[in-house]
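I'm opening a fresh page for this one. My plan is to look at a few spots, then at the whole chain, and jot things down as I go.

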Amino acid sequence: MCPQRTALDNDLTSFVGRRKEIAALKTVISSSRLVTLTGVGGVGKTRLARRVGRELTAGFPHGVWFVDLARAAEPGLVANVVAEALGVPDQSALSPESALVEFLAERKLLLILDNCEHLLQACAALVATVLRAADGVVVLATSRESLGVLGEHSWPVPPLSMPDLANVAPSKGGYVYGYEALELLEERARAVRPDFTLGPASRPVAAQLCQRLDGLPLAIELAAVRLRAMSLEQIVSRLEDRYRLLCTGNRGGPARHQTLRGAVDWSFDLCSESEKALWARLSVFAGAFALVDAEVVCADESIAREEIFEVLSSLVEKSIVLREGTDEHPRYRLLETIKAYGHERLVADGAAVAASRRHRDYYLDLAERSEAGWFGADQVRWCARLQDAQANFWTALDFCLTTPGEVSIGLRMAGALIFFWNACGHLKDGRYWLGRVLDAAVEPSREKAKALWVNGYVAMTQGDNASAMTSFANCLELAAALDDPVARAYSQQFRGSAEQFKGNLGEAETLLADAVDAHRASGAVNSLTLLAVSQLAFVSCLVGKADRAIELCEDVHAVSAVHGEQWALSWANWVRGLAQWTLGDHGAAAVALGESLTAKHALNDRLGMSACVELLAWVSCEDGDFRRAGQFLGVAEALWASIGHPLFGSAKLLAIHDQYVERLRGALGAKTFERCHAHGEQVAVADVLTFVSERAPATDDEPRLTPRERQVAGLIAEGLTNKQIATRLVISQRTAEGHVEHVLAKLGFQSRAQVAAWFATL
C-alpha cells in the first residue's frame with residue numbers, strides 16, 4: 001500500500017473563480033467513477049481538474065494522481081505514461097497495462113488523466129480496463145472530446161462568467177463585482193503592472209475585452225501580459241488579429257498553452273480533413289446557425305450535403321462547435337476565437353470570397369422567401385426565423401457593400417426584408433442598411449426603386465416624415481423612368497400615410513384611396529395591400545368617418561380570415577379600436593386593441609405594441625382608471641423611444657396624447673402620475689402583454705390596508721419569498737403564507753406581480 005499523497009505540483013499562479021463548477025463536480029464525482037471535462041482549448045479544463053482534485057484529497061486514502069498524457073506520443077505509450085506517473089514498479093514481465101491494473105486493484109484513489117483528446121481510443125480502452133478491474137479507482141479526465149466509455153459522465157466546462165456590457169456602463173454606475181473573467185484579468189494584470197486596477201471608467205472596456213475573448217482563461221491571461229506595454233483600449237482595438245496579438249505568455253507552460261494560436265493549432269491538428277474544411281467554412285456564419293444552414297452553405301463536392309451532419313457532430317464532440325437552443329430546435333455556434341482561426345484558414349486556402357458569396361446567396365434566398373411567404377398563417381414562425389438569422393443578414397449585407405459588383409444584390413436583400421424591418425421590430429436596423437445600400441447604388445434599377453419606397457416606409461413609420469417624403473419622391477421619379485407601376489403604387493400608398501402624419505388629411509385620403517384602387521386593379525392581394533386598406537381606414541377615422549373606417553377594417557378581417565393573415569389584421573384591429581374610441585364605445589375599443597396587442601406581441605412588433613398601449617391608456621382614462629392609464633402611458637413612451645418618434649410624429653395624435661397627460665395629472669396629482677408613469681417605463685418588452693392583460697390595480701374605492709397588511713404588501717413588492725417575509729417579520733413561515741394570501745385576497749389580485757405594480761403607485 002502506498003502512503004496517502006497528492007501527486008499534484010503546486011500551481012504557479014492563483015486559482016480564480018469556478019466556485020459553482022467545483023461544487024457541482026464534487027457532487028458528480030461522488031456518484032460517477034468516470035467524469036470527463038470537455039471544452040475548447042484554453043477554457044481551463046486542466047486547472048479546474050487540478051483544483052477539484054486538491055479539494056477531494058481527503059476522500060481518497062491512496063491519493064489524487066495527475067497524469068499529463070500530452071507526453072504520450074503514440075497510443076502504445078498511454079499505459080506506460082500513467083504507470084510511470086503513479087510510480088508502478090517496472091520490474092515484472094507483465095505488460096505496462098497489466099502491471100498498472102494489478103497495482104490499482106486494491107487501491108482507492110482519484111486518477112486525473114489530462115489531455116486525452118489526441119489518443120482518445122487508447123485512453124478510452126485503458127480507462128475501461130482500469131474501472132472494471134479496480135473498484136476503488138475514480139477517473140477524472142480532461143479532453144476536447146468525450147472518451148465514449150460506458151458510464152462516462154461528460155461535463156462541458158463553460159467560459160468564465162462575464163457581465164453584460166450594458167450593466168457596466170459608467171452612466172449606470174455599473175462597478176459590478178463577482179464576474180470571474182474580470183477577476184482573472186485584474187489579478188493577472190497586477191502580475192505585470194502592480195498598480196493595475198479596474199474602476200468605473202476602465203471596467204466597461206475590460207468587460208468588452210473579456211467578451212471579445214469569449215471568456216477563455218488562456219486568452220484573458222495572454223491579454224493581461226500585453227498590459228505591460230499597452231492599454232485596455234489598445235488591446236481591444238487590435239483584437240481583429242488576436243492570434244498575432246496574443247502570442248506571448250507562459251513560456252514555462254506546455255507549448256499548446258504558451259500562445260493562443262498554439263492552443264487552437266493543437267485542436268486543428270487533431271481534426272480530420274473534412275472536419276478542418278467544415279471548421280473553416282463555418283467561420284462565414286455570424287452568431288448561431290441551424291443544421292440546414294450549414295448543409296446548404298458548406299456542402300460541396302468534397303463534403304456532400306448528407307455528410308454535413310456527421311462532420312458537424314464530430315466538431316461538437318471535439319468542442320470546436322457549441323450546441324445550443326433546444327432539442328426540438330438545436331442551433332450551433334463558434335466562439336469568436338475559434339471562428340477567427342477558421343477564417344484565417346479559409347483565407348489561406350483562397351476560399352473566403354467564394355464561401356462568403358454562398359453564405360450571402362443563402363440568406364438572400366431566405367429573405368426573399370420570407371417576403372413571398374409572409375402573407376399567411378406562418379408570420380410568427382417567419383418572424384422567429386428571421387430573428388434567428390439577424391446577425392447573418394448583417395454579414396451578408398456587409399459582403400454586398402464591401403465586395404465589388406455586389407451592390408445590386410444588397411438592394412434586393414434590404415428590400416426583401418421589408419417585413420423584418422417593419423413587422424418584427426427592426427426599424428432602426430432597416431434605416432441603417434437601406435441607407436447604406438442606397439448610398440452605394442449608382443445605377444437606376446427596379447431593385448433601387450423598391451429599396452427607396454421601403455426606406456421611405458420605414459422612415460415614415462419612425463416619424464421621420466421629411467426623409468420619407470424625399471425617398472418617395474425619388475422612388476416616383478425612378479418608377480416613371482423605369483415604367484414600374486408596382487413601385488409607384490406602393491410609394492403612393494406610404495406617401496399617403498406620410499401626408500396624414502404631416503396633418504394633410506385630405507391629400508392623404510386621396511393618395512391612399514388611389515393606392516387601394518391600383519392594388520385592386522392589378523389583382524395584388526398580400527399583407528401590404530391589406531395594410532393599405534387599414535391605412536385608408538385610419539385616415540377616414542381622423543377625418544370624421546369612423547363608421548367608414550370600421551367597414552374598411554371589416555374588409556381586411558374578411559380577407560385575413562381566409563388566408564390566416566395576422567400582421568395587417570392587427571393594424572386593422574388597432575384602427576378599429578381607434579374608431580370605437582372615437583365613437584365613445586370604450587369597451588369595444590379595448591377588445592379590438594387587446595386583439596391587436598396580442599398579435600403585435602407575438603411578432604415582436606414594437607411599433608404596433610406602442611400604438612396599442614397608447615390607445616389603451618386613453619381608454620383607461622375614459623373609464624376612470626387613472627393609475628392604470630398613467631402606467632400604460634409609461635409603457636408606451638418606453639416602447640416609442642426604442643423605435644423613433646411617438647405616434648408616428650402625427651401632430652393630431654400627439655395633441656390628443658398631451659390632453660390625456662394633463663387630464664391624468666389633474667386627476668392623480670403630479671407626483672402620483674409621475675410615479676405611475678415611471679413604473680410603466682420599467683416594464684420589459686417581453687412582459688408588456690402580461691402587464692396590460694392583468695387586472696387593474698386597486699383603486700381608492702377598494703379596501704384600505706392596515707399598517708401590517710401594507711407592510712406585507714411592501715415585502716411582496718420587494719420580491720421576497722414567504723420564507724424571507726417570515727424572517728423579516730420574525731414570524732413562522734406558515735403565518736407569513738397566511739398574511740400573503742390575505743393581502744392578495746383583500747386586494748383582489750391573483751399574482752405577486754400585481755401587488756408590486758399596485759404598490760409602486762402608492
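**Entry 1: Ser 497**

I started with Ser 497, which sits in helix H24, residues 485-502. A note to myself before going further: this is a predicted model. Is Ser 497 buried or exposed? I looked up its relative accessibility and got 3%, so Ser 497 counts as buried, the cut-off being under 20%. Next I wanted its neighbours, leaving out residues up to four places away in sequence. Ser 497 touches Met 460, Leu 512 and Gln 535.

**Entry 2: Ser 370**

Another serine, this time in helix H16, which covers residues 352-373. Ser 370 has a relative accessible area of 3%, so I wrote it down as buried. Which residues does Ser 370 touch, once those up to four places away in sequence are set aside? I found Trp 382, Leu 386 and Ala 416. I checked Ala 416 further: it is 46 residues from Ser 370 along the chain, yet their C-alpha atoms are separated by 7.8 Å. I also followed the side chain of Ser 370, and it reaches the backbone oxygen of Ala 367 at 2.6 Å. Ala 367 and Ser 370 made me recall a general point about helices. An α-helix has 3.6 residues a turn, so residues three or four places apart point the same way.

**Entry 3: helix H7**

Then I moved to H7, residues 203-212. How many of its ten residues are buried? I got seven, so I'm calling this helix mostly covered, with buried meaning under 20% relative accessible area. The buried ones are Arg 203, Pro 204, Val 205, Ala 206, Ala 207, Leu 209 and Cys 210. What covers them? My list includes three helices: H6 (180-192), H8 (217-226) and H9 (232-237). Just after H7 I ran into Asp 214, which takes a positive phi of about 65 degrees.

**Entry 4: strands**

On to the strands, beginning with E3, residues 64-68. This strand is mostly covered too, with four of its five residues buried. E3 runs parallel to strand E4 (residues 109-114), and five bridges join the two. I picked out one pair: Val 64 has Leu 110 in E4 as its bridge partner.

E7 (residues 322-325) and E8 (residues 330-333) turned out to pair in the antiparallel sense, over four bridges. How many residues does the hairpin use to join E7 to E8? It goes through four residues. Here I noted that Glu 324 has Arg 331 in E8 as its bridge partner. A reminder for looking at any of these: in a regular strand the side chains alternate between the two faces of the sheet.

**Entry 5: the whole chain**

Last, I zoomed out. I tallied the secondary structure of the protein chain at 38 helices and eight strands. The C-alpha trace spans about 105 × 75 × 55 Å along its principal axes. Of the 762 residues, 54% are buried. I then took the contacts between residues at least 6 apart in sequence, and 71% of these join residues at least 24 apart.

For the surface, I have about 32400 Å² exposed, with carbon and sulfur atoms supplying 52% of it. For charges, I have 77 positive and 92 negative, and the mean positions of the two sets are 6 Å apart.

How values were computed
Residues are numbered from 1 along each chain as its sequence is written. This is a predicted model: local features need pLDDT of at least 70, side-chain atom pairs count only at pLDDT 80 or more; totals for chains, interfaces and linings use all residues. Side-chain values use heavy atoms; hydrogens and water are left out. Buried means under 20% relative accessible area, exposed over 50%, partly exposed in between (1.4 Å probe, protein chains only). Contact means heavy atoms within 4.5 Å. A polar contact is a pair of N or O atoms within 3.5 Å; within protein, one must be able to donate a hydrogen and the other to accept it, and residues adjacent in sequence count only if both atoms are side-chain atoms. Accessible areas come from the Shrake-Rupley method with a 1.4 Å probe; for residues, only the protein chains shown count as cover. Lys and Arg count as positive and Asp and Glu as negative; His and the chain ends are not counted. The place of a charge is taken as NZ of Lys, CZ of Arg, CG of Asp or CD of Glu. Two strands pair if DSSP finds at least two bridges between them.
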